[in-house]
Amino acid sequence: MSSRKPESAAESADFAPALSQAFKERLRPCLNALDSLRSHGLQREISLPAIAVVGDQSVGKSSVLEAISGVEFPRGLGIVTRCPLMLSMRGREDSGWTARIRYETKSGQARDKPLSTPAEIGQAIRDAQEEMTSSSGEISEKLIELHIEGADTPDLTLIDLPGIARFSIANAGDIATVSKSLIMSYILKPEVLILVVIPCNVDVETVEAISLAREVDPECKRTLGVLTCPDLVNPGSETEVLAMMRNERLKLRKGFVTVRCRTPQQLKDNMGLREACKAEEEFFKLHPQFCALGDYQRGCKTLANKLSVELYQAVKERIPEMLKEIQIKRNDYMTMLEALGTGPPQSEAEMKDLLVKMVEEFKKEFSNTASGTHWHEETRLFGPCRLHWEALADDIERCAFSESPENKGLLKILEEDVKRQRGRELVGFDNTFPVLERLVCSHFLVKLQPHATQFLLSVTQEVDQTLRALSDRVFGQYPSLNRHIKQEVELIKSRKYDDSKKQITIILEQERIIFAQDRIYHSELKKPSNEKLQTKATLSKPANISEVNVGATALSRASLQRELAQQNSLTVLEGAEAYVRVSVRRLQDTIPMAVVYNMLHGMSSGVSHRLGVLLMDPGQLYDLLQEENPETGAKRRQLRQWLDSLMVAEQELSSF
């Protein structure tokens, strides 16, 4: 860091950067508008003309920027510029001077620091780069924004890009790739002027910055060359420099300018910018070869004036396109702003109208959702619930008819029950009830209970998610009101959940009563035995019962009784199976109906009633309307700032 004392106010006034007057007269109002767009981050949305300074590593880019801007930049060996720097300068009418530097650290923290004197700028940039990178050899793609206002400050925007790294202590290949990629992201834009810095004492064919510029600007229409260090040219090589200046070696439409910035010795001697400007003029006048250069080809002031003219032309040429882009963005932002609403209402009438509008929308949306007529993807409810009750239907069938060892073992037990329960009844007068009570009450309903409970939980979760999404969509701009509505809805949901649970319990208790309409039971009894129950595989029915009766005299009494008892058992189990099918069909409907009635239709009625009660005395909700979602408010403010900035820019550009 240089120990040179800051220049006095008199010296600063005596040396005003050459761009200052030109921009005040031609571009200041327009560039002020463009700078305003940049300050709001709109350079990503609108193509804004700018000057990007490009060069190989350690070729003196910072020295050139100092000379044309009057602002000192960090100097040193190796990679000095490790982050792109947008230098936005504005003139002011009074004699004051202010500056502010903004950037984001590597950890994502925003920094916004005011600067008191020009002497602080160099260290502020170093500090920013230290916080934005992990090491001295790392390059960051994040942008440092340096905003300066001063009486003799030019109205200008310069973008200083990291030098193209050739060598580094470690990861040279990675650093070179990152630096080139970063440079290309800027100079690819057709509205950006490319200021290529080239030392006079190197072979132009080896300058990689020239190669990158040619790649994006093959006709060299927007590339301007700056030759530095003319005092370091080897004796006899001056003719090569003069050939470059005459556009003979490398043809650039905008030509070349050669400058002599402060030398290392002059920096060591603490030479100021004003003195350096005079020393540069003296150098070109007295040099035996370079004195032949015209005034339009040499000197930092010449470069500044040339950039003034070029940027003026770039802005002028881009005005129709910029106006078109501004109008498109204004329409987009106005649409986005309308979608965000006007913000919290102020008068009581406005608050009441807003509450009624939101509550009615919420009631209508959930009513449509609960009835299955809603088509918003994020708040569909009937479809997911249908999947759950279809899954329940499968679970009910598995509880009754699965081929699990438990079910197969149960058939054996029931067969023994039939034999043990035979009393005074004659063969053929079968009593199915005891078997059914054991099959239905002790087995089927016990297995079904957890599935019914899980079904209720699944539907409740779907309802909860839907209500939360709907509440966020309707009341999300007002967090306190949104929380209050969710609390009210949660109370209703809890009551409806309890009602559903009680109703399921009643349904299962009622199912313990063996009951079916005769016509329904006989209809099921006539159907083939359920394929999954396999009762006929468990019990062997005689192939021809008539043969048993005809030959009864030939059979022993014990054998006949066994055959008739087996037939009787089969008849009882077939009857029990038919009844279970009736019970299964009944439960597949009644349980989902109970849950749907309470958790969908009941919830809809409950929500509508409760919110209607709240609207009868809306005063208690007015305070909740005053807290707006911070993100929504910030976005609305940002959009309004953007729109104001776009409007000002449009007015300035239209009159340019």
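Buried means under 20% relative accessible area, exposed means over 50%, and partly exposed lies in between, with a 1.4 Å probe and only protein chains considered. The model is predicted, so local features need pLDDT of at least 70 and side-chain atom pairs count only at pLDDT 80 or more, while totals for chains, interfaces and linings use all residues. Residues are numbered from 1 along each chain as its sequence is written, and side-chain values use heavy atoms, leaving out hydrogens and water.

**View 1. The whole chain contains 22 helices and nine strands.** Helices (H or I, at least four residues) and strands (E, at least two) are DSSP runs, numbered from the N terminus. Of the 656 residues, 48% count as buried. About 33000 Å² of the chain is exposed, and carbon and sulfur atoms supply 51% of that area. Accessible areas come from the Shrake-Rupley method with a 1.4 Å probe, and for residues only the protein chains shown count as cover. A contact means heavy atoms within 4.5 Å. Among contacts between residues at least 6 apart in sequence, 81% join residues at least 24 apart.

**View 2. The largest nonpolar core has 63 residues.** A nonpolar core is a set of buried Ala, Val, Leu, Ile, Met, Phe, Trp, Tyr and Cys residues joined through side-chain atoms within 4.5 Å. Leu 37, Leu 146 and Leu 303 touch the most other members. Helix α11 (residues 300-340) gives the largest share of this core, 14 residues. Another core, of 61 residues, lies apart from it and includes Val 463, Leu 470, Ala 516 and Ala 576. Beyond its neighbours within four places in sequence, Leu 37 is in contact with eight residues listed here: Leu 42, Gln 43, Ile 46, Leu 48, Ile 326, Ser 645, Leu 646 and Ala 649.**View 3. Helix α7 spans residues 208-216.** Its buried residues are Ala 209, Ile 210, Leu 212, Ala 213 and Val 216. Seen down the axis of α7, these residues fall within an arc of 160°, so they line one face of the helix. The arc is that of the directions from the helix axis to the C-beta atoms.

**View 4. Cys 220 lies in the loop between α7 and β8 (223-228).** Cys 220 is buried, at a relative accessible area of 7%. Its phi is positive, about 55°, although Cys 220 is not a glycine. Most residues other than glycine have a negative phi. Asn 247, in the loop between α8 (238-245) and β9 (256-258), also has a positive phi, near 65°.

**View 5. Cys 229 and Cys 200 are not bonded to each other.** A disulfide is a covalent bond between the sulfur atoms of two cysteines. Here a disulfide is taken as a pair of cysteine sulfur atoms within 2.5 Å. The sulfur of Cys 229 has its closest cysteine sulfur in Cys 200, 7.1 Å away, which is too far for a bond. A search of the whole structure finds zero disulfides. Cys 229 itself is partly exposed, at 25% relative accessibility.

**View 6. Thr 105 sits in the loop between β3 (97-104) and β4 (110-115).** Thr 105 is buried, at 3% relative accessibility. Its side chain makes a polar contact of 3.0 Å with the side chain of Ser 107. A polar contact is a pair of N or O atoms within 3.5 Å; within protein, one must be able to donate a hydrogen and the other to accept it, and residues adjacent in sequence count only if both atoms are side-chain atoms. Not counting residues up to four places away in sequence, Thr 105 touches Arg 111, Glu 131, Met 132 and Lys 142.

**View 7. Arg 298 belongs to the loop between α10 (273-286) and α11.** With 15% relative accessibility, Arg 298 counts as buried. Its side chain reaches the backbone oxygen of Leu 293 at 3.3 Å. Leaving aside neighbours within four places in sequence, Arg 298 is in contact with Val 257, Thr 258, Phe 284, Lys 285, Phe 290, Cys 291 and Leu 293.

**View 8. Gly 255 is in the loop between α8 and β9.** Gly 255 is buried, with a relative accessible area of 13%. Apart from neighbours within four places in sequence, Gly 255 is in contact with Leu 224, Gly 225 and Asn 247. Gly 255 and Arg 222 are 33 residues apart in sequence, and their C-alpha atoms are 10.0 Å apart in space.

**View 9. Asp 617 lies in the loop between α20 (557-616) and α21 (619-622).** Asp 617 is partly exposed, with a relative accessible area of 46%. Asp 617 and Lys 352 are 265 residues apart in sequence, but 9.9 Å apart in space from C-alpha to C-alpha.
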